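Here's a set of short exercises for getting to know a structure you haven't met before. Have a go at each task, then read through the solution.

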Amino acid sequence: MGSGNGSPGLVFALVRDDLEVTLLEPRARRWAFLREAARAAGRAVTVLRVRHDAYRGAPARTVTLRALALPTAALAALVAPGGRLVVLGGRPPATGPFEATPEGESLAGAVTVFRRLA
């Protein structure tokens with residue numbers, strides 16, 4: 001969400017061709033950049049010009065969030081039950097149907113991993 005320069009979603013799509021990646025970016029210029037970057041890389045990536053609260057697709061097993069100050073509860077509809085929310089660059093408290101896990105603690109930088117409860 002808020003994919004901006006493509007980090008980390010576009011990077012994941014480039015290094016893991018087995019992943020189905022959808023990027024959400026509401027800003028027109030950044031959305032256009034992401035579409036062109038995915039096309040130029042030859043990678044099938046869905047790039048939607050939409051905010052997280054307007055996305056109507058199926059929930060994902062893993063959702064990444066970087067440099068956006070959103071409460072975890074606001075993202076519940078995007079994450080499938082049992083799925084993960086990976087927050088890069090912050091340590092928000094778990095709100096809504098999420099609980100923090102120790103998964104990101106061994107990684108460099110501020111990475112917090114939440115599990116969505118059923």
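What follows is a handful of exercises on this predicted model, each with a worked solution.

**Exercise 1. The overall layout**

Work out which secondary structure elements the chain has, and in what pattern they follow one another.

*Solution.* Start by counting: there are 2 helices and 6 strands. Next, walk along the sequence, and you'll read off α-β-α-β-β-β-β-β. Now for the overall form. The radius of gyration is 14 Å, close to the 13 Å that the globule rule gives for 118 residues, so the chain is as compact as a globular protein of that length. If you box in the C-alpha atoms along the principal axes, you get roughly 35 × 30 × 25 Å.

**Exercise 2. Inside, outside and charge**

Find what share of the residues is buried, and then describe the surface and the charges.

*Solution.* Take the inside first: buried residues come to 35% of the 118 in the chain. Then look at the outside, where the chain exposes about 7000 Å², with carbon and sulfur atoms supplying 54% of that area. Last, the charges: you'll find 16 positive and 9 negative side chains, and the centres of these two sets lie 6 Å apart. As for contacts with a separation of 6 or more, 42% of them link residues 24 or more positions apart.

**Exercise 3. The nonpolar cores**

Pick out the largest nonpolar core and say which elements give two or more residues to it.

*Solution.* The largest nonpolar core holds 13 residues, and those with the most contacts inside it are Met 1, Val 63, Leu 65, Leu 75, Leu 85 and Phe 98. Strand S3 (60–66) and strand S4 (79–88) are the elements giving two or more residues. Of these, S4 gives the most, with 3 residues. A second, separate core has 8 residues, including Leu 10, Leu 34, Ala 38 and Val 45.

Want to zoom in? Try Leu 75: setting aside neighbours within four places in sequence, Leu 75 is in contact with Met 1, His 52, Leu 65, Leu 70, Leu 85 and Phe 98.

**Exercise 4. Three residues, three settings**

Decide for His 52, Ala 32 and Arg 61 whether each is buried, partly exposed or exposed.

*Solution.* You'll need the cut-offs: under 20% relative accessible area is buried, over 50% is exposed, and anything in between is partly exposed.

- His 52 has a relative accessible area of 14%, so it's buried. This residue is found in the loop between strand S2 (46–48) and S3. Beyond four places in sequence, its contacts are Met 1, Leu 24, Leu 70, Ala 74, Leu 75 and Leu 78.
- Ala 32 comes in at 39%, so it's partly exposed. Look for this one in helix H2 (residues 28–41). Ala 32 and Val 47 are 15 residues apart in sequence, with their C-alpha atoms 8.7 Å apart in space.
- Arg 61 reaches 70%, so it counts as exposed. It lies in strand S3, and it touches Gly 83 and Arg 84 once residues up to four places away are left out. Arg 61 and Arg 115 are 54 residues apart in sequence but 9.8 Å apart in space, C-alpha to C-alpha.

**Exercise 5. A peptide bond to check**

Which kind of peptide bond, cis or trans, joins Ser 7 and Pro 8?

*Solution.* Begin with the background: most peptide bonds are trans. Then check omega, which is about 5° here, so the bond between Ser 7 and Pro 8 is cis. To place it, note that Pro 8 lies in the segment before helix H1 (9–15).

Definitions and conventions:
Residues are numbered from 1 along each chain as its sequence is written. This is a predicted model: local features need pLDDT of at least 70, side-chain atom pairs count only at pLDDT 80 or more; totals for chains, interfaces and linings use all residues. Side-chain values use heavy atoms; hydrogens and water are left out. Helices (H or I, at least four residues) and strands (E, at least two) are DSSP runs, numbered from the N terminus. The radius of gyration is taken over C-alpha atoms; the globule rule is 2.2 Å times the number of residues to the power 0.38. Buried means under 20% relative accessible area, exposed over 50%, partly exposed in between (1.4 Å probe, protein chains only). Contact means heavy atoms within 4.5 Å. Accessible areas come from the Shrake-Rupley method with a 1.4 Å probe; for residues, only the protein chains shown count as cover. Lys and Arg count as positive and Asp and Glu as negative; His and the chain ends are not counted. The place of a charge is taken as NZ of Lys, CZ of Arg, CG of Asp or CD of Glu. A nonpolar core is a set of buried Ala, Val, Leu, Ile, Met, Phe, Trp, Tyr and Cys residues joined through side-chain atoms within 4.5 Å.
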